[in-house]
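Look at the sequence and the model below, and keep both at hand while reading. The text goes through enclosed spaces, then a sheet, then a helix.

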Amino acid sequence: MINAPMRPITNAERAALKADGVVQLKQVLPLEWVDFLRQGMEQLYTSHLQTEENPMERLTQATLAAGNEILSDSPTTSGQFFVKNSPSQISSDLRRFAFDSPLPMIAADLYDADVVNFYFDQLFWKEAGSGKRTAFHQDESYFNCTGDQCCTFWVAVDPVTKANGAMGYVRGSHLWQRQFAANVFVSQQQLPGAVGEQIPDIEANEADYDIVYYDSEPGDVLVHNYRTLHGSTGNVSADRPRRSFAVRYTGDDVRYYQRPGAPEGAPSSQTLNDGDRMDAPDFPAVWRRAEA
Ligand SMILES: O=C(O)CCC(=O)C(=O)O
């Protein structure tokens, strides 16, 4: 499989990411890569998600026990919402997708970077009927880095609409210069030890914000800046899973920063100090500009 996108990134797409903090790249991923990713995710679902304790479920129970609300689009729940951190550490297929698919080249093109480094990956699997929303949040508060060129590349292997878990973004929020506290992901409740402002109640006041929700088709990639507030709807469909893989890449201006309040599991480095370039074995380079 080749690592080139289906088409070049346009100036309008680069400009949208800068201005809005989010852009949807329609049909940039070859479908053979999407099929490859889907198979890798399905294997992981069988080998790990279905057999391990689901950390999101544990977090949900702890949040409810503390008297806090879980955000859901459905009064009843018949499926689970799985979040798996760093799945590429256990799945060679997901690692290959994060490192060798067209995504790193797309990142280089969007950032106009000399070097693109891998930072972190996550798998998000909303089973049919798992009504839980992903609460609006800002990735920056979970990440041990600083700078502008850090984006999430979100790839769904299923058709996505609001009924099974569409991603929503507060346009322009990456420019607000506000640092929000990390939350419990399915609740507005802050994570213990989180640092930053409480995120406003966006879910109950969506009309007050410039929010854009995206339907998505296999082959599309949603890219958002790590400062952009975003969340997703619950999966209230009867039979459509919503399975996605998110990979974070950094560009030239990003520096390591051990962020106060970042959750314990946030990728961190044994070798880098605050202010160092991200170029280290912990965060391998996945794309380099060819020497002239
Ligand atoms: O897929 C989701 O619901 C959440 C994804 C997300 O927050 C992210 O990729 O940063």
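Which element gives the most residues to the lining of the largest cavity? The answer is strand E11, which contributes 3 residues. The model is a predicted one, and every value here is computed from it.

To place E11 in context, start with the cavities themselves. A probe the size of a water molecule, rolled over the atoms, shows where empty space is left. Counting those with a volume of 30 Å³ or more gives 3 cavities. The largest has a volume of about 100 Å³. Its lining is made of 16 residues, and the closest to its centre are Phe-124, Trp-154, Met-167, Phe-185 and His-230. Several strands take part in this lining: E3 (115-126), E4 (134-137), E6 (150-156), E10 (230-232) and E11 (242-250) each give two or more residues. By type, the lining residues of the largest cavity comprise 6 nonpolar, 6 polar and 4 charged.

The second largest cavity holds about 50 Å³ of space. Its lining consists of Asn-117, Thr-250, Gly-251, Asp-252, Val-254, Arg-255, Arg-277, Met-278 and Asp-279. Sorted by type, these are 2 nonpolar, 3 polar and 4 charged residues.

Two of the strands that line the largest cavity, E4 and E10, also belong to a sheet. This sheet is open and has 4 strands, in the order E4-E10-E7-E8, with antiparallel pairing. Which strands form its edges? They are E4 and E8 (211-214), each of which pairs on one side only. From one strand to the next, the twist averages 20 degrees.

Now look at the pair E4 and E10 in detail. These strands run antiparallel and are joined by 2 bridges. Across from His-137 stands His-230, in E10. His-230 has already appeared above, among the residues closest to the centre of the largest cavity.

The last stop is helix H5, residues 103-111. Why is H5 described as largely enclosed by the rest of the structure? The reason is a count: 7 of its 9 residues are buried, so the helix is largely enclosed. Here, buried means under 20% relative accessible area. The buried residues in H5 are Leu-103, Pro-104, Ile-106, Ala-107, Ala-108, Leu-110 and Tyr-111. After the helix comes Asp-112, and its phi is positive, near 55 degrees.

How values were computed: Residues numbered from 1 in each chain as written. Predicted model: local features only at pLDDT ≥ 70, side-chain atom pairs only at ≥ 80, totals over all residues. Heavy atoms only, no water. 1 Å grid on protein atoms, 1.4 Å probe; cavity = no way out; pocket = protein on both sides within 12 Å on 5 of 7 lines; lining within 4 Å. Points joined across faces, edges and corners; volume = space filled by probe spheres on them. Nonpolar A, V, L, I, M, F, W, Y, C, P; charged D, E, K, R; others polar. Pairing = 2+ DSSP bridges. Axes fitted to C-alpha atoms, helices over the stretch in contact; angles between N-to-C directions. Buried < 20%, exposed > 50% of the residue type's maximum accessible area, 1.4 Å probe, protein only.
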